[in-house]
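Reader: I have just opened this entry and would love a friendly tour. Could we go through it one question at a time?

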Amino acid sequence: MKIPRLPPLGAIRAFDAVARHASFKMAADEIGVTPTAISHQIRVLEEALNQRLFTRSARAVTLTPAGETLFQASTHIFATLRDAVDTLKATESPATLTLSTTSNFLTNWLVPRLSSLHQEHPHMALRLHSGTELVDVRGSVADCAIRYGMNIDEGLDSTLLYNDRFVLVSSPQLDLQDVTDLRNVTLFHVENRRVPTPEPNWQQWKESYGPDDLKVESGIHFDDETHAIQAAIAGQGVLLASELLIQRALNQGLLQIALPGTLPGARYTFVTSMEKAQRQDVQQFKQWLLRAFNEP
């Protein structure tokens, strides 16, 4: 069976523009041709279909019943085409991959490992965005994020990276032997920890491990965990720190887990939009992250 030939796509495109604007001139402006060229395309289409598609008058351009039928089809066709083009563009790898995360994670975990990422993917251009506010990875500000929280966003492509916990750390020079030694050292506090809940603070430590007479409000308060970690490395006090964020300092012997015991933490998760998850650079970065998190 011979399949009937379809009219030229250019003519259908011109028709769709005229039908939407009810104007030959506005259709011409949209496509970037002259109104005469649009009229020619409509004439070609009407001759191919042997149907009048528009009723023209001095005041308006209106669709005939045949035009209405074709316009319903063209609306669907071009909407489908636009969706397909948007999907293809979303899978392209732009010049830069933008990652959003917290400054503490950036400083203490990611930055020391960037050379490994560059060795594996030397052509990947990575832009790092830090902050405490959640960035919508479906928009243009960031392509993906590493988030620290208790819940998973079901509307995003999410990958669990690490279940965190908090440990008591200090410089080896403090040489703590027992929980009662905490009475004689400076306690470091990190303020504005939004997660996890309950907050892993000295009151929670005291209730879990003691000593019963620990003065949990005493000590030095920091508004940035990185500064508290640096003060602990300098031997100025003890800290309840994210085990992930002090991994490197532990491996280098700058810090040690001073006393046994842990407090629950939250989860580190890699997130991106469902569309951006198909991009090659996003997939490459996620796979590198998973390997890096599993390294000792």
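Reader: How many aromatic pairs does a search of the whole structure find?

Author: Happy to start there, with a reminder that this is a predicted model. Two rings count as a pair if their centres lie within 6.5 Å. Searching the whole structure on that basis gives a total of 13 aromatic pairs.

Reader: Let's look at phenylalanine 105 and tyrosine 268: is the pair stacked, edge-to-face or tilted?

Author: The ring centres of phenylalanine 105 and tyrosine 268 are 5.5 Å apart, and their planes meet at 35°. Planes under 30 degrees apart would count as stacked and those over 60 as edge-to-face. An angle of 35° falls into neither class, so the pair is tilted.

Reader: How many residues apart in sequence are the parts that this pair ties together?

Author: Phenylalanine 105 sits in helix 5, while tyrosine 268 belongs to strand 10. The pair therefore ties together parts of the chain whose separation in sequence is 163 residues.

Reader: Are phenylalanine 105 and tyrosine 268 buried or exposed?

Author: The cut-off to keep in mind is that buried means under 20% relative accessible area. Phenylalanine 105 has 1% relative accessibility, and tyrosine 268 has 5%. Both values are under the cut-off, so phenylalanine 105 and tyrosine 268 count as buried.

Reader: In which helix does phenylalanine 293, the partner of tyrosine 162, lie?

Author: The rings of tyrosine 162 and phenylalanine 293 have centres 6.2 Å apart and planes at 40°, so this pair is tilted. Tyrosine 162 and phenylalanine 293 are both buried. The two are 131 residues apart, with tyrosine 162 in strand 6 and phenylalanine 293 in helix 10.

Reader: Which residues form one aromatic cluster?

Author: The residues we have just met, Phe105, Tyr268, Tyr162 and Phe293, are among its members. The full cluster is made up of Phe105, Trp109, Tyr148, Tyr162, Tyr268, Phe270, Phe285, Trp288 and Phe293.

Reader: Turning to the pockets, which strand gives the most to the lining of the largest pocket?

Author: The largest pocket has a volume of about 890 Å³ and is lined by 37 residues. Among the elements that supply at least two of them are helix 5, strand 6 and strand 10. The top contribution, five residues, comes from strand 5.

Reader: How many residues of that lining are charged?

Author: Thr102, Thr132, Tyr148, Arg194 and Val195 are the lining residues nearest the centre of the largest pocket. By class, its lining has 14 nonpolar and 13 polar residues, and the number of charged ones is ten.

Reader: And which strand supplies the largest share of the lining of the second largest pocket?

Author: This pocket has a volume of about 210 Å³. Its lining has 16 residues, with His189, Glu199, Asn201, Trp202 and His221 closest to the centre. Helix 7 and strand 9 are among the elements that give two or more residues, but the largest share, three residues, comes from strand 7.

Reader: Which residues is alanine 27 in contact with, leaving aside its neighbours within four places in sequence?

Author: Alanine 27 is part of helix 2, and the UniProt record, an unreviewed entry, lists residues 7-64 as "domain: HTH lysR-type". Its relative accessible area is 0%, so alanine 27 is buried. With those sequence neighbours left out, its contacts are Ala17, Val18, His21 and Ile38.

Terms used:
Residues are numbered from 1 along each chain as its sequence is written. This is a predicted model: local features need pLDDT of at least 70, side-chain atom pairs count only at pLDDT 80 or more; totals for chains, interfaces and linings use all residues. Side-chain values use heavy atoms; hydrogens and water are left out. UniProt positions are given in the numbering used here, feature names are shortened, and annotations may be inferred rather than shown by experiment. On a 1 Å grid over the protein atoms alone, a cavity is a set of points where a 1.4 Å probe fits but cannot get out, and a pocket is an open set with protein on both sides within 12 Å along at least five of seven lines; lining residues have an atom within 4 Å of a point. Grid points are joined across faces, edges and corners, and a volume is the space filled by probe spheres set on the points. Helices (H or I, at least four residues) and strands (E, at least two) are DSSP runs, numbered from the N terminus. Ala, Val, Leu, Ile, Met, Phe, Trp, Tyr, Cys and Pro count as nonpolar, Asp, Glu, Lys and Arg as charged, and the others, Gly among them, as polar. Rings of Phe, Tyr and Trp (its six-membered ring) pair if their centres lie within 6.5 Å; planes under 30 degrees apart count as stacked, over 60 as edge-to-face and the rest as tilted. Buried means under 20% relative accessible area, exposed over 50%, partly exposed in between (1.4 Å probe, protein chains only). Contact means heavy atoms within 4.5 Å.
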